[in-house]
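Here is a short report on a complex of protein chains. Look over the sequence and the structure first, then read on.

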Amino acid sequence: MEIITSILAGVLFATAIYNLLQKQLIRIIIGTALISHGAHILILTMGRLKAGQPPILREGISNYTDPLPQALILTSIVISFGVTSLLLVLAYRASQENNTDIMEELRGNENE
Amino acid sequence: MSNLAVLPIIIPLISAIILIFFHRKVKLSRVLTKLFSLISLGTAGYITWYVLENGTIILNTGDWIAPYGIILVMDGLAAILVLTTNVIATACAFYAPYAGLEKREIYYFYPFFFFLITGVSGAFITGDLFNLFVFFEVLLMASYGLIVLGGGKVQLRESLKYLLINLFSSMLFVTAVAFLYAVVGTVNMAQIAERVQEVEQQGIITTIGILLFFVFATKAALFPLYYWLPKSYIVPNPVISALFGALLTKVGIYSILRTFSLIFIHKTDLTHDMFIWIAGLSMIFGVIGALSTSNIKLIIAYNIIPAIGFIILGIGVLNPDGISGSIYYLIHDMIIKTALFLLVGVIASVAGTSDLRKMGGLIHYYPSLGWLLFLSGAVLAGLPPFSGFIGKLLLLKGAFEEGEIAIVIIGLLTSLLILYSIVKIFINGFWGDKEAMTHIEKKPINGLLTPIVSLLALSVLLGVGAELFYPHIESIATYLLDPEIYIDSVLKE
Amino acid sequence: MLYAILIPLLIACFIPALSKLKTKIHTGIFIFFVPFFIFIYFASFIGTDFSPVMEQYSWIPSLGINFDLYLDGLSLLFVLLISGIGALVVFYSIYYLDKSEQLGNFYVYLLMFMSAMLGVVLSDNIFVLYTFWELTSISSFLLIGYWHFKERSRYGALKSMLITVFGGLNMLGGFILLYVVTGTTSIQEMIQQADMILSSNYLPLILGFILLGAFTKSAQFPFHIWLPDAMEAPTPVSAYLHSATMVKAGLFLVARFSPIFATYEWFFIVVSVIGIITLCWGSYMSVRQTDLKAILAFSTISQLGMIMAMLGFGTPIAIFAAVFHILNHATFKGSLFMVAGIVDHETGTRDIRKLGGLATLMPITATLAIFGTFSMAGVPLPFLNGFYSKEMFFDATLGLGSGGWSQVIPYLAVIGSIFTFVYSMYFFFGTFTGKKQLDQLPKKPHEAPIGMLIAPILLVAGVILIGLFPNMVNAPFLQHAATAVNNAVEYKKISFWHGFISPFFMSLAVVGIGTVLFITRKKWQAVYNFLPGKASFNHIYNGIISKLDTLSNRITNFYMTGSLKTYMSLILSTVLIVSVVYMFLTDGFAFSTDQLAEPSFIEIAVVAVMIIAAIATIYMNHNVAAILVLGVVGFGVAILFVIYRAPDIALTQLVIETVTVALFLLCFYHLPKMRKSTDSIKTKTINAIISIAFGALITIVAISANSSRWFDSIADYFVENSYKLGGGDNIVNVILVDFRGLDTLFEISVLGIAALAVVGLIKMKKNKEAE
């Protein structure tokens, strides 16, 4: 199963990057969302899947899945959320100020 | 005393939070910012003294022993970098009130400023790879805050690119940490180092190391990953550019220095030899960039890249002279880049433009500005007896010791062109007829010059008084080259 | 000695204050005493029983950088030139530069230069020497650019700096190598270890680096091009820096290091050949000039070439002649520069075509010029010092053995000297004799004030005195300088007449042919004008500088397009290619099916849906549809978290995903509608290749990492101690709030900062709109 989720992560990365390489801002934003999903799936996979019970201590159970990656993912999810919200507002403002949502039109020149 | 290690993170954090509450009271904010930055500077100074006297401070946060809790490792390297960061922060804190930030001062400039310092200091101090990621995010988020602040068209546009590229590299960072966790089962850097050493960095580990390298290299703006840097660093207010130029890329290069002197050191013929190539290419392309433009801010921004090239050269050769050179150059560059960014900010503001082609004869009106620029150019290019020379001398010597002739020649030529790029500003902007420019704003600039002069004085001191600093740097380099010391101090207590 | 070096620098610091006093006295009068007393101090060392002095001051000992000062015969010669000519030049400048000029700056630069130059010749430590070396370049830059409102001054200043600093940096490279090879930074200790250097593999490189430093500084071919443009500096500066002292720093360097390299064949070949070429080229070019200072500039180049060649020969007679000529050149060329300055000052032009017949109007100046030019030309008269060293030079060229091309050298020496004769004559006769053209001159010429004449008179007195009594400076002075370079030099009396030997005939030939060429010079004008034209090295320099601008611009703009897509593609491709290469090199790929979790149907179904949804995001052309599809992926992640026993993150993911979708809807509502991608098939294909390859890389590294679990995770500790020490059953929670509480603290900070940034963004916009 680790292999399958690795492939899933790969697909998420690939689609994310394809979206990041697009011109329209919306698509780029979608790309960023996909890439963080990919990264989180990977962290989980790297901690091994289904190696034990959910990491909540209960009597008589000594075999738990690795809790550390889960903690890391949680931190990462929250951070990604923060970045995404800022990105959305920024994207909105930038496209409004520049009157375009096409990244290629946001190149600029040397002296401004 | 081990709690000392956390102060450089906590003081700016608390300062930031306090300043959020007073964000509408600009005058109070200014005073508090100066006060807090001085407190933080003093603390950092004391810590550095303490660490150099008594050795590394290890702090197990929450009293959880290594490698399970997050460990803060205040070693010599971390201490001097934190100190330098605080020096720069203080200079910027004193510059900011005159920098023309206007509304931005109300909208959380000062809190962002301290959050940035928090993130940077944290990144230097932490001994935990995932925690490093978190501090990266703190400083990046603060930098996003700063860069979007009060922006018009151009600024928002460049911030967007800056944010997107950094977001991507952050995700790659997390991914690489995950990979490493699968292989070595830990995120504590000392333990990672120990375990990587145990399996002799075999198999996939080097590839993961390379991925991490690219993550840091993107932040450090190394060839060929620096595209995002020049434009986005010049659009915000000069004081923000200065903070970015001095601190953000340096955190990246610090991370490379740390990980590739501690963890990934068993396949140096593959990894570190590549760094030497990258060093050369960064120098060449960076300085070509600096020569390509007539925008004075952009000239300085491009000059970040060859400097990073010099620093990674020392990591590439990985011998005592190389590493001491890297550290010396790192500190030198942090200081002089701040000074230069602040300086061109002043120049652009009195000239009313940052286009060199529209300038001329400024020396008749602002002689002090011209001479400061001239001196900064000499410092930046590494002319003796200033700080850059000491670093460059060590780096080139280190490279020669490894028989790397080509890179030395590139380094020497680069120094010449760096000098040229700054002298160009001096010749075209300051020399010339008194009447070369029709409109020059007569402004009081003394408030702006004080921090710049202080930074330059420090640069001169770092060169002329190298005997005060170099022995410490040398011992830090020896310490870095023997990872066992780090590993033992973290894990065997 | 330390004070002698530092005092000019210290005094320079006080000049800005001094010039603010606005006294009626010319600043130069105060400054004059600085070089004057330094000269007196060093003059006290002259004597037959002189022996070298070493003074050591520690500076940065841990880097081997120390203020070690070494005064031997060679440095004594130079310090006397620097301080002596320095004093005369300052004196001259008092009359040359008007008080309305920015005198403060001028004297600061001049004193800075004086310190630097003294430092160069007195330092025994290579890095201290280098420090002062660059300082001479910098002060020269500032002095050339003194009248920076002139375009030519700026051009000349930049050119001289780029070329000399280029050389200086190379020299630094050579010095570092010497340090690495010998482990010492003292030149004297290096001379002791000459064998070690000579047997090093780096020897050619060391020599090349150091010679580049010397050649650029001493304006040797083809780096000589900066010197003529340096003539934009005020004339006292040209006399001082660009003739008597700074340009001789390169000679000093070669002389200083020749005890190390003398036995190395390539040292002899390169230095002599470059020297001879420079001699010939410089004197030939000088003949073509019409500007008095330009004539002198090329003449200086040629004379420097001659001295350089002699240092290359390395024979005792050559070394002695070199040292002697350094002294002689300083006297006659110094006086000639001052004469040129006087002519310029009094007539308003330096163009020799407009000048003529000035001898009757400026008799003293003309008299000075005749001594200077005839001495420079090497006319065999017993009261001209130039003849002595010139004849020794001829003698030296004959003593190089009969092998191969060294036979050509005497001929080249004669040719170079013939041109020297021609331009010397032209300088004198063209300016001071012939028809007067007073209407062509911007000013009405008259004799210069006496103050301005004193300095050149003293120098000409030197020319004559040395000419009449050459042995007066021989034993107590020149002898020491020559032995410092080559201790095989034996004491020999200098005499005017040696009999009818070859050097005498060579001198005669020079005078004879030179006279003929000078008289018939009009006929040769066409030839002189033909060469070098476009082939000149100036052309190359200008080409490099403008190419540097345009090419750097083109290169940078080629990839710094400002397009996020370009940047991303470049970054991704780099990471991709390098990672794959490293994976191959380190044999990184691993695949094992041990300990894999069993896939269940539901998992596979969720994964399949997610994959389809992820791919679908690419094809969506509607805002809301895109968000929904994205939502599918997000909730899929949450389901996977549930399946993989991660309840906490599953909950978090659900909450966050819901909020995010709401945010997306909000934001996308304001953003323009999605449109079909307008990319060409080619772009699409490239994008697809990059994305798929990168995705594949991630998958492969993930599988390899998953198959290389060589260590137990540290997780067991958390399981064991979560309740015992952390007091909580939910291990993930305990990790978050306790074991790794610091992470969480700063994760919250990140969120807080993001909130502030959002507020800032929105509020500032509102503010703007309100205004």
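## Chain B: overall build

What percentage of the 493 residues in chain B do buried residues make up? Buried residues make up 73% of chain B. Keep in mind that this is a predicted model.

Chain B is built from 20 helices and 2 strands. Its C-alpha atoms fill a box of roughly 70 × 55 × 40 Å along the principal axes. The radius of gyration of chain B is 21 Å, which agrees with the value near 23 Å for a compact globule of 493 residues. Now take the contacts in chain B with a separation of 6 or more: residues 24 or more positions apart account for 82% of them.

## Helix 6 of chain B

Helix 6 of chain B runs over residues 153-184. It has 32 residues. From first C-alpha to last, helix 6 of chain B reaches 47 Å, close to the expected 46 Å.

Is this helix mostly covered or uncovered? Helix 6 of chain B is mostly covered, with 30 of its 32 residues buried. Gly185(B) follows the helix, and its phi is positive, near 70°.

## A residue to follow: Ile390(B)

Find Ile390(B) in helix 16 of chain B, which spans residues 387-401. Why does Ile390(B) count as buried? The cut-off is 20 or more other C-beta atoms within 10 Å. Ile390(B) has 29 of them within 10 Å, so it is buried.

Which residues does Ile390(B) contact, leaving aside its neighbours within four places in sequence? In chain B they are Tyr328(B), Gly463(B), Ala466(B) and Tyr470(B). Leu63(C), from chain C, is in contact with Ile390(B) too. For a sense of distance, try Tyr110(B): Ile390(B) is 280 residues from it in sequence and 34 Å from it in space, C-alpha to C-alpha.

## The strands of chain B

Strand 1 of chain B covers residues 57-60, and its two faces differ in cover. Ile57(B) and Leu59(B) form the covered face. Ile58(B) and Asn60(B) form the uncovered one.

Strand 1 of chain B pairs with strand 2 of chain B, residues 71-74. The two run antiparallel and are joined by 4 bridges. Ile58(B), on the uncovered face, stands opposite Val73(B) in strand 2 of chain B.

## Chain C: overall build

Chain C has 31 helices and 2 strands. Of its 771 residues, 54% count as buried. The C-alpha atoms fill a box of roughly 115 × 65 × 55 Å along the principal axes. A compact globule of 771 residues would have a radius of gyration near 28 Å, but chain C has 38 Å. Among contacts in chain C with a separation of 6 or more, 78% come from residues 24 or more positions apart.

## The hairpin of chain C

Strand 1 of chain C (residues 53-60) is joined to strand 2 of chain C by 7 bridges. The two strands run antiparallel. Glu55(C) stands opposite Leu69(C) in strand 2 of chain C. The hairpin has 4 residues between the strands, and Gly64(C) takes a positive phi near 75°.

Strand 2 of chain C spans residues 65-71. Of its 7 residues, 6 are buried, so this strand is largely enclosed by the rest of the structure.

## Where the chains meet

Chain B gives 87 residues to its contact with chain C, and chain C gives 83 residues. On the side of chain B, helix 5 (residues 129-148) supplies the largest share, 11 residues. That side divides into 58 nonpolar, 18 polar and 11 charged residues.

Chain C also touches chain A: 86 residues of chain C are in contact with 73 residues of chain A. Which helix of chain C gives the most to this side? Helix 28 of chain C does, with 14 residues. The side of chain C that touches chain A divides into 54 nonpolar, 21 polar and 11 charged residues.

## How confident is the prediction?

The predictor gives the complex an ipTM of 0.94 and a pTM of 0.94. Chain C averages a pLDDT of 88, and 97% of the residues score at least 70.

Within chain C, confidence is highest in helix 9 (residues 203-217), at 95. Confidence is lowest in helix 22 (residues 521-530), at a mean of 71. Where pLDDT is low, the predicted coordinates should not be read in detail.

Conventions. Residues are numbered from 1 along each chain as its sequence is written. Chains are lettered from A and ligands numbered from 1 in the order in which they are written. This is a predicted model: local features need pLDDT of at least 70, side-chain atom pairs count only at pLDDT 80 or more; totals for chains, interfaces and linings use all residues. Two residues are in contact if their C-beta atoms, placed from the backbone, lie within 7 Å. Ala, Val, Leu, Ile, Met, Phe, Trp, Tyr, Cys and Pro count as nonpolar, Asp, Glu, Lys and Arg as charged, and the others, Gly among them, as polar. The radius of gyration is taken over C-alpha atoms; the globule rule is 2.2 Å times the number of residues to the power 0.38. A residue is buried if 20 or more other C-beta atoms lie within 10 Å of its own, exposed if 12 or fewer, and partly exposed in between; C-beta atoms are placed from the backbone. The expected span of a helix is 1.5 Å times one less than its number of residues. pLDDT is the predictor's confidence in each residue, from 0 to 100. Two strands pair if DSSP finds at least two bridges between them.
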